[in-house]
Amino acid sequence: METSRPQLDTISRPSISRFDTHELESNLASPSTPGSSNWHRTLIALEAPDTAVSLPPTDRGFHAYAYLASAWMFELLVWSFPFSYGVFLNYYTTVLFPPDDPQLNLLPLVGTLSSGIIYMASLLVLPFVLKYPGQKRSISLLGLVLCVVGLLGSGFATRPVHLVTTQGVVYSIGATMMFFPVLTYLMEWFSVKRGLANGILFTGTGLGGIVVPFVAEILLNRYGQRTAFIVLAAIFGGLALPAFVYAKPRLPVAQTSAANVVDTSFLKNQVFWIFFIANIIQAFANFLPGIYLPSFANDLKLSTTSGTLALALMNATSMPGLILIGGMSDKLDLRVSICLSTVGSALAIFLVWGFTAKLAPLLVFACIYGFFSGGFSVLWPKFIGVISTDDPHLYSTLMSLFVSSRGVGNVLSGPLSTTLLKHSPLYDKARFGYGLKGYGSLILFSGCGMLASTVAICYPYFLNKRVDIPNPLARRPAPARRLTDE
C-alpha cells in the first residue's frame, strides 16, 4: 500500500476555505501513513466527487510562471513612465513650453505625482479589493483604461497644468488600480519561492527604466508630442491586454473572500513598527541619488548624455540585484539580505559618489547603487511573513502600508533635497562630489539614511514580545488523541 499521495491540491467549493486549503496542502506534502488523521483528512478531500476543484501547484508549473510573467509585464508598464520622466521633463522645458511660461514650475510636480500617487493610493486600493475580491479583475481593467486615457490626454495637453492632471494624476490613479489587484495574487502562486518571485517581478521596473527613456526620446524628437503619446498609449494597451489572460488567482474567488473588518492588532506588534520605520527611512534616502544624477553630471560639466546613461545603468543593474537579494531571502537569514541592501548602498554613496569627479566613477556608482538599493523593497513579503501568517486580507493590508509609506518618502524627499542643496557645510571646503555645490549634504544624508534603515535587522529582539494576531477564519485544531498500547 502507498504511504503518500501526489501533491495535487483539491478543494470542495461549498465547505473548504482558503485556510483549509493550506492545511490540505500540508497534509499532502507530509509523509503520512494509513490510519493517521492526516491520511484520512486527505482522502476525504481527494474523494469529493462532483464539487471538487483541482488547483495548480505553487512555486512551480506553467500557470505559476505564466502569472509571474503577466505581473512582470504590468510592473514594467506601470513604473516605466514615472522612472523615465526626466526625458519628458527635458522635452517639456526645452521644446514644448517657452522658458517664461508662468506654469513652468508645475512640470517637476508631474514626475513627483506620477510615482508618489501610485505608492500612496495603494493604501486605498488594496483594502478595497480585499473587501470585494470578485472585483479585482474589473478594477484592473478600469485602471488600464485610465492609464491609456492619461497618456492620450498628455498628447493633447497645451498647458503644464494639463499635464499635471493627465500624466500626473489620471495615469497614476489608473496605474494603481491596474497593478496592485494583480499583485495580491502573488501570495497564492508562490510560497517557498516568494522572495525570488518578487525579485523577478520587480526587474520589470529596471528594464522599463532602460527601454522607455530612449523610446520616448526618439518619438518626442522625431514625431512631436501628440504622435508620441498616441504611439505610447497604443503600446501600453497592446502589451497590457494579453497579460490579463494569466494575471488571475490560483484559488477560486469565492474561497478567497476576506473578512470585512480590518484586524488592526498588528499595530501592537513591535516587529511591524521596526520594519515600518526602517522602510520610511530607506525611502527618504533611496530616491535622492536617482533624482540628482543628471544635474550632478551637468554640474561636473560632463556631456548631456552622461546623466541619462548613469540613470539607465542604475535601472539596468537593479534587475540582477533584485533577483539576488530576493533569492537570498528565501534561503538565508533575512538579516543578511537587509544588510546587503542597506550597507551596500551606503558604502556606494559614501565611498564612490562622494569621491566622484569624472564620468567613470559616476557610472561605477550608478551600477553599484542600482544593484543594492532596489533590493530593500523586494523584502516586503518577507517582512510581512515575520509579522503575520498567510492571511490574504492582512497580507494586503500590510503590503499597502509598506508601499504607501515608500510613497511618502518619495514625495517628501524632493523638497527635503532642495533644502539640503541650499545648506551644505562642505561647499568649497571639500574635494570631489562632497565639495561640489550643495551635493555634500545630500550625499551625507543619503548615506546616513541607508545606514539608519539597517535598524530592521533588530527585529529578532522583538519577536518574543510580538502580539499574536488571531485569525477568525482559521479553524481550531482538533484535540490531540491519547495514544494507548494495543
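**Exercise 1. Determine whether Lys-136 is buried or exposed, and describe its surroundings.**

Solution. Lys-136 is buried, because its relative accessible area is 5% and buried means under 20% relative accessible area, exposed over 50%, and partly exposed in between (1.4 Å probe, protein chains only). The model is a predicted one, in which local features need pLDDT of at least 70 and side-chain atom pairs count only at pLDDT 80 or more, while totals for chains, interfaces and linings use all residues. Residues are numbered from 1 along each chain as its sequence is written, and side-chain values use heavy atoms, with hydrogens and water left out.

Next, locate the residue: Lys-136 belongs to helix H6 (residues 136-155). Helices (H or I, at least four residues) and strands (E, at least two) are DSSP runs, numbered from the N terminus.

Then list the contacts, a contact being heavy atoms within 4.5 Å. Beyond its neighbours within four places in sequence, Lys-136 contacts Val-129, Pro-181, Thr-184 and Tyr-185. Pro-181 is 45 residues away along the chain, and its C-alpha atom is 5.4 Å from that of Lys-136.

**Exercise 2. State how many helices and strands the protein chain has, and what share of its residues is buried.**

Solution. The count gives 18 helices and two strands. The chain has 486 residues, of which 52% are buried. As a further step, consider contacts between residues at least 6 apart in sequence: 82% of them join residues at least 24 apart.

**Exercise 3. Identify the residues of the largest nonpolar core that touch the most other members.**

Solution. Begin with the term: a nonpolar core is a set of buried Ala, Val, Leu, Ile, Met, Phe, Trp, Tyr and Cys residues joined through side-chain atoms within 4.5 Å. The largest core holds 91 residues, and those touching the most other members are Phe-74, Phe-88, Tyr-92, Phe-236, Phe-275 and Phe-383. Helix H9 (residues 194-243) contributes the most to this core, namely 13 residues. A second, separate core has 27 residues, including Leu-300 and Phe-365. In soluble globular proteins, nonpolar side chains tend to be buried together.

Now examine Phe-383, which lies in helix H14 (residues 380-387). Phe-383 is buried, with a relative accessibility of 0%. Apart from neighbours within four places in sequence, Phe-383 contacts Phe-275, Leu-334, Ile-338, Phe-376 and Phe-402.

**Exercise 4. Compare the contacts of Ser-404 and Ser-405.**

Solution. Ser-404 is part of helix H15 (residues 392-422), and Ser-405 also lies in helix H15. Ser-404 is buried at 8% relative accessibility, and Ser-405 is buried at 4%. Setting aside neighbours within four places in sequence, Ser-404 touches Tyr-119, Met-120, Ser-122 and Leu-123. With the same exclusion, Ser-405 touches Phe-276, Asn-279, Ile-280 and Ala-283.

**Exercise 5. Name the residues that form a nonpolar patch on the surface.**

Solution. Patches are made of residues with over 30% relative accessible area and no salt bridge, with like charges joined within 9 Å and nonpolar side chains (Val, Leu, Ile, Met, Phe, Trp, Tyr) within 5 Å. A salt bridge is a side-chain nitrogen of Lys or Arg within 4 Å of a carboxyl oxygen of Asp or Glu. Accessible areas come from the Shrake-Rupley method with a 1.4 Å probe; for residues, only the protein chains shown count as cover. The patch consists of Leu-347, Leu-351, Phe-355 and Phe-432, which together have about 400 Å² of accessible area. Finally, Leu-351 is in helix H12 (residues 334-351) and is exposed, at 56% relative accessible area.
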